[in-house]
Amino acid sequence: MLMISSKGTVKLFKGIPEKQRASFKNLRAEGAFLISAAKDRDEVKAVSVFAEVGGMIKIENPWFPGKCQINYSDGRKESFADRICVLTMDKNLCAELVKE
């Protein structure tokens with residue numbers, strides 16, 4: 001699956017073979033969020049989130065146990081070392097998740 005929501009958490013590229021490239025744009029997640037992501041062989045390279053109405057979304061850190069940095073379009077930055085990244089977003093806000 002390119003994207004799946006399980007127990008309130010979005011997970012990316014579950015079941016995609018490790019060495020396979022994959023990407024998607026603007027898949028809708030619960031809560032009116034649009035998710036785009038790209039995987040190049042064995043690593044997720046890019047993840048972006050757009051909040052259509054605002055709220056909170058949980059995304060499994062694709063680089064765990066490594067850190068994930070979240071860069072919001074309003075200038076905020078957050079860093080997560082946990083398995084789950086929690087994003088709180090206003091309407092029409094974008095966020096980019098990158099490997100730290």
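Which residue is the bridge partner of Val10 in β6? The partner is Ile59. This is a predicted model, where local features need pLDDT of at least 70, side-chain atom pairs count only at pLDDT 80 or more, and totals for chains, interfaces and linings use all residues. Residues are numbered from 1 along each chain as its sequence is written, and side-chain values use heavy atoms, without hydrogens and water.

Val10 leads us to a pair of strands. Strands here are DSSP runs of E, at least two residues long, numbered from the N terminus. Two of them pair if DSSP finds at least two bridges between them. Strand β2 (residues 9-12) and strand β6 (residues 55-60) are parallel, with two bridges. Both belong to an open sheet of four strands. Its order is β1-β2-β6-β9, and the pairing is mixed. At the edges stand β1 (3-6) and β9 (84-89), each pairing on one side only.

Now take the other sheet. Six strands form it, open and antiparallel, in the order β3-β4-β5-β10-β7-β8. β3 (22-29) and β8 (77-80) each have a single partner strand, so one side of each has no neighbour in the sheet. Further in, strand β7 (residues 68-72) meets strand β10 (residues 94-99) through five bridges. There, Cys68 stands opposite Lys99 in β10.

Last comes the lining of the largest pocket. Its residues are seven nonpolar, one polar and eight charged. Nonpolar means Ala, Val, Leu, Ile, Met, Phe, Trp, Tyr, Cys and Pro; charged means Asp, Glu, Lys and Arg; the others, Gly among them, are polar. A pocket is an open set of points on a 1 Å grid over the protein atoms alone, where a 1.4 Å probe fits, with protein on both sides within 12 Å along at least five of seven lines; lining residues have an atom within 4 Å of a point.
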